[in-house]
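Hi everyone, thanks for making time today. I'd like to walk you through one model, starting with its charged pairs and then moving to the rest.

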Amino acid sequence: CLHNGGTFAPLDHWPGIKPDVAIQAVPDDERVWVPQAPQVGFRPLLFNTTTGSWCNLLRVRKSGELSRHIHPAWVTGYVIKGAWRYLEHDWVAREGSFVYEPPGEIHTLVVDEVAGVPEMITHFNIHGAMVYLDDEGNHTGYEDVFTKIEMCRKHYHEVGLGADYVDQFIR
C-alpha cells in the first residue's frame, strides 16, 4: 500500500489487515472438507466478510447433486478434477474448464452418467449468495459468506479441529 506521499508501508502498519493466504488447496486431511449435502462437500479457501464473497473447492462424489439455485451476482469456476454439468444446459464442464455464471441464472449442478465421471473438484469464486429454489422457483433457503462460516465452525468443532479453525480463511 502507498502511504505518506508514495512510500510503501509494511502490512503490520495497517491495523486489522490480515496476512496473505498460501495453503494446500486440496487438503490431505479429510476433516477439512465441510459436508453440504449428500455426496457434496466444500473446502473453504477464503471468506471475505467485507465484500460478501468467498472462494472454495466444491467436491461432488459418486453422482451427487447441488440443489437448484440462483446467484444475485456473478460466479466463476475452474474444474480441477472430473466433470459436471447443469441440468439446465447442454454443456459439460470438464477438467481444465473455466465457467462463468451470470447473475440471475437458475441452475442445478450435477455429477452423473452424462458428465461421465464419479467425482469432481471445482474451484468456485462466489459473490453475494446462493439462493435455493424449488421446482416452481420459490425460495427455500440461502447461503452467504456468514452462513458458510457458521457451517465450517460447527463442522470443525464436531471433527476435532476446533471451531476457530475456520478463522484462518476469514479476511
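**Salt bridges to begin with**

Let's start with Arg61 and Glu30, whose side chains meet in a salt bridge at 3.7 Å, N to O. By salt bridge I mean a side-chain nitrogen of Lys or Arg within 4 Å of a carboxyl oxygen of Asp or Glu. Arg61 sits in strand 5 while Glu30 is in the loop between strand 2 (7–8) and strand 3 (34–37), so this pair ties together parts that are 31 residues apart in sequence. Strands here are DSSP runs of E with at least two residues, helices are runs of H or I with at least four, and both are numbered from the N terminus.

Before I go further, a word on what you are looking at. This is a predicted model, so local features need pLDDT of at least 70 and side-chain atom pairs count only at pLDDT 80 or more, while totals for chains, interfaces and linings use all residues. Residues are numbered from 1 along each chain as its sequence is written, and side-chain values use heavy atoms, with hydrogens and water left out.

Back to our pair: are its two ends buried or exposed? Arg61 counts as partly exposed because its relative accessibility is 32%, and Glu30, at 43%, is also classed as partly exposed. The cut-offs are under 20% relative accessible area for buried, over 50% for exposed, and partly exposed in between, with a 1.4 Å probe and protein chains only.

Next, Glu119 forms a salt bridge with Lys81, and the closest N and O atoms are 2.6 Å apart. That pair links distant parts of the chain, with Glu119 in strand 12 (residues 119–127) and Lys81 in strand 7, 38 residues apart. Glu119 is buried because its relative accessible area is 15%, whereas Lys81 is partly exposed at 38%.

A further salt bridge brings together the side chains of Arg153 and Asp167, at 2.9 Å, N to O. Arg153 is in helix 1 and Asp167 in the segment after helix 1, so parts 14 residues apart in sequence are tied together. Arg153 is partly exposed at 24%, and so is Asp167 at 30%. Returning to the earlier pairs, salt bridges that share partners join Glu30, Arg59, Arg61, Lys81 and Glu119 into one network. Searching the whole structure gives ten salt bridges.

**A buried asparagine**

Now please find Asn56 in strand 5, residues 53–61. Asn56 counts as buried because its relative accessibility is 4%. Which side chain does the side chain of Asn56 make a polar contact with? The partner is Trp54, at 3.0 Å. A polar contact is a pair of N or O atoms within 3.5 Å; within protein, one must be able to donate a hydrogen and the other to accept it, and residues adjacent in sequence count only if both atoms are side-chain atoms.

Leaving aside neighbours within four places in sequence, Asn56 has contacts that include Phe42, Leu45, His123, Phe124 and Lys148, where contact means heavy atoms within 4.5 Å. Leu45 is eleven residues from Asn56 along the chain, and their C-alpha atoms are separated by 5.0 Å.

**The nonpolar patch**

Over at the surface, Trp74, Tyr78, Ile80, Phe98 and Tyr100 make a nonpolar patch of about 550 Å². Strand 7 (75–81) and strand 10 (98–101) each supply at least two of its residues. Tyr78 is in strand 7 and is partly exposed at 41% relative accessibility. Patch residues have over 30% relative accessible area and no salt bridge; like charges are joined within 9 Å, and nonpolar side chains (Val, Leu, Ile, Met, Phe, Trp, Tyr) within 5 Å.

**Overall picture and confidence**

Zooming out, the protein has one helix and 14 strands, and 41% of its 171 residues are buried. The mean pLDDT, the predictor's confidence in each residue from 0 to 100, is 89, and 88% of the residues reach 70 or more. Among the elements, helix 1 (residues 145–158) has the highest mean, 98, and strand 1 (residues 2–3) the lowest, 50. Where pLDDT is low, the predicted coordinates should not be read in detail.

Terms used:
Accessible areas come from the Shrake-Rupley method with a 1.4 Å probe; for residues, only the protein chains shown count as cover.
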